[in-house]
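Subject: The structure we talked about

Hi,

Here is the structure I promised to send over. Have a look at it first, and then read on for what turned up.

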There are 2 protein chains.
Amino acid sequence: METKEEKKAQGDKREKILQGALEAFAKKGFYNTKVSEIADEAGVADGTIYLYFKNKDDLLISLFEDRMEWIIDRIEAELEQVEGGTIEKVRRYMELHFQLAVENPALAEFITVELRQSAKFIKEYDNPKFGDYLGILKRLIEEGQQDGTFREDLDSRLVSRAVFGALDEVLLQLTLSAEKPSDVSLEATQVSALLIDGLRARE
Amino acid sequence: METKEEKKAQGDKREKILQGALEAFAKKGFYNTKVSEIADEAGVADGTIYLYFKNKDDLLISLFEDRMEWIIDRIEAELEQVEGGTIEKVRRYMELHFQLAVENPALAEFITVELRQSAKFIKEYDNPKFGDYLGILKRLIEEGQQDGTFREDLDSRLVSRAVFGALDEVLLQLTLSAEKPSDVSLEATQVSALLIDGLRARE
DNA sequence: ATCCATTGAATGAATCGTCGTTCAGTAATT
DNA sequence: AATTACTGAACGACGATTCATTCAATGGAT
């Protein structure tokens, strides 16, 4: 009982800080967010943050790791449910990308806006989890190329980048302008129509 | 004689500061760049920067405006030279997007990495020049929809976003990993093949 | 032509507010 | 009582901005 409560308390506090950081970063960006604001948002003292994270950079990186892992797990779980060919899987991947963003607006804002900065400027951090996320898409595309549904003249690594970029930019626009989730499925449908038709093999 | 020399000296200094800022921002990012570093890079004193720009934010915004305007002018001039239909124009647009990036690596790095941040966190700045840049692509797509080369079921604003996102993400990857310009044309070709085939009208 | 007065662009050291981080003290738990 | 978790005020470094000072260029006066 002790250990469980202890672990839960620990986990609770760490998670509260991560969540507070997420809200704060989404609202004001990493560099404009004070550690004290994160503490406020999380309902802990400033110093407590340093019991769980080495420094502000480490908090940012941990937040990436943690949330990306969660995203990857969810996407992979959902993709296993898909019955149908590669096209259906890719379509579902795109749908999920949008859907997760709509369900977690702060997370979407955080990732779309901060990913590039941090990738480049947080020293010696090369963001392996983001690579994993792209890897899912890359594998789907290769699968499609092997079974003949997708054209084979395009490099899967390059294309997965391009597809991610398209999804991400559209999402950025949606999250920045306070749009309703209602019509997001329309956006998702159009973007996936464009990209999947571009990927299709022709006779 | 006086006025010409005066104006040139003025212009020179302002431009030197902008260029210094560009190099510095590309190298370390906006928030990690000290004003004194920009001054060093530009070969002027710290205080001189404040004779030409209100503050650091203003310098960032001015840099965007100035360089985006230059890009837009160049793209529009080049597009006028294109003989051929809408597809050729769109292909050329994408080619130019990559080509300009290869010719101006610091500028490419600056725009791909800083555009999102600044769009969101520099107060009350909505980046009209970036809208203009996207507008060129949007108009091309509408043109293609009207003359029947492009499918009409996709919203041109959305699609132009998606296409920009795809180009931008691929470019980001290229600029971050120190690649040779030699094979960039290959990347450009593949991305435009993907996107243009996605845009094409089918019988 | 020479000298002096005036200008204002440019400088860069000093200022001052702003955080990230620490740590001595307090509370909670066992 | 001892150990551990937490707190938040204080510290110190940092860096954007300011402003008193310099000095090269200009032009009017002799």
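Which polar backbone atom lies 3.2 Å from a base nitrogen of DNA strand C? The atom belongs to B:Gly47, and the pair is a polar contact (N or O atoms within 3.5 Å; within protein, one must be able to donate a hydrogen and the other to accept it, and residues adjacent in sequence count only if both atoms are side-chain atoms).

Before going further, please keep in mind that this is a predicted model, in which local features need pLDDT of at least 70 and side-chain atom pairs count only at pLDDT 80 or more, while totals for chains, interfaces and linings use all residues. Residues are numbered from 1 along each chain as its sequence is written, chains are lettered from A and ligands numbered from 1 in the order in which they are written, and side-chain values use heavy atoms, with hydrogens and water left out.

**Around the DNA**

Two further contacts go to phosphate oxygens of DNA strand C. One is 2.7 Å from a polar side-chain atom of B:Tyr52, and one is 3.4 Å from a polar backbone atom of A:Thr33. Of the strand C atoms within 4 Å of the protein, 70% are sugar or phosphate atoms and the rest belong to bases.

There are 15 residues around strand C, and those that come nearest are A:Val35, A:Tyr50, B:Ala45, B:Thr48 and B:Tyr52. A residue counts as near when one of its heavy atoms lies within 4 Å of the strand. By type, this surface has six nonpolar, five polar and four charged residues; Ala, Val, Leu, Ile, Met, Phe, Trp, Tyr, Cys and Pro are taken as nonpolar, Asp, Glu, Lys and Arg as charged, and the others, Gly among them, as polar.

Helix H3 (46-52) of chain A and helix H3 (46-52) of chain B each supply at least two of these residues. The largest share, five residues, comes from H3(B). Helices here are DSSP runs (H or I, at least four residues), numbered from the N terminus.

**Salt bridges**

Over all chains the count comes to 36 salt bridges, each being a side-chain nitrogen of Lys or Arg within 4 Å of a carboxyl oxygen of Asp or Glu. One of them joins A:Arg67 to A:Glu15, with the closest N and O atoms 3.0 Å apart. That pair links distant parts of the chain, 52 residues apart: A:Arg67 sits in helix H4 (residues 56-81) and A:Glu15 in helix H1 (residues 2-28) of chain A. A:Arg67 counts as buried because its relative accessibility is 8%, whereas A:Glu15, at 33%, is partly exposed. The cut-offs are under 20% relative accessible area for buried, over 50% for exposed, and partly exposed in between (1.4 Å probe, protein chains only).

In chain B, B:Arg91 and B:Glu88 also meet in a salt bridge, at 3.5 Å from N to O. They are three residues apart in helix H5, so about one helical turn separates them.

**B:Arg67**

Finally, a look at B:Arg67, which is placed in helix H4 of chain B. Is this residue buried or exposed? At 8% relative accessibility, B:Arg67 counts as buried. Its side chain makes a polar contact of 2.8 Å with that of B:Asp66. Leaving aside neighbours within four places in sequence, B:Arg67 is in contact (heavy atoms within 4.5 Å) with B:Glu15, B:Leu18, B:Gln19, B:Leu22 and B:Leu107.

Best wishes

Conventions. Helices (H or I, at least four residues) and strands (E, at least two) are DSSP runs, numbered from the N terminus.
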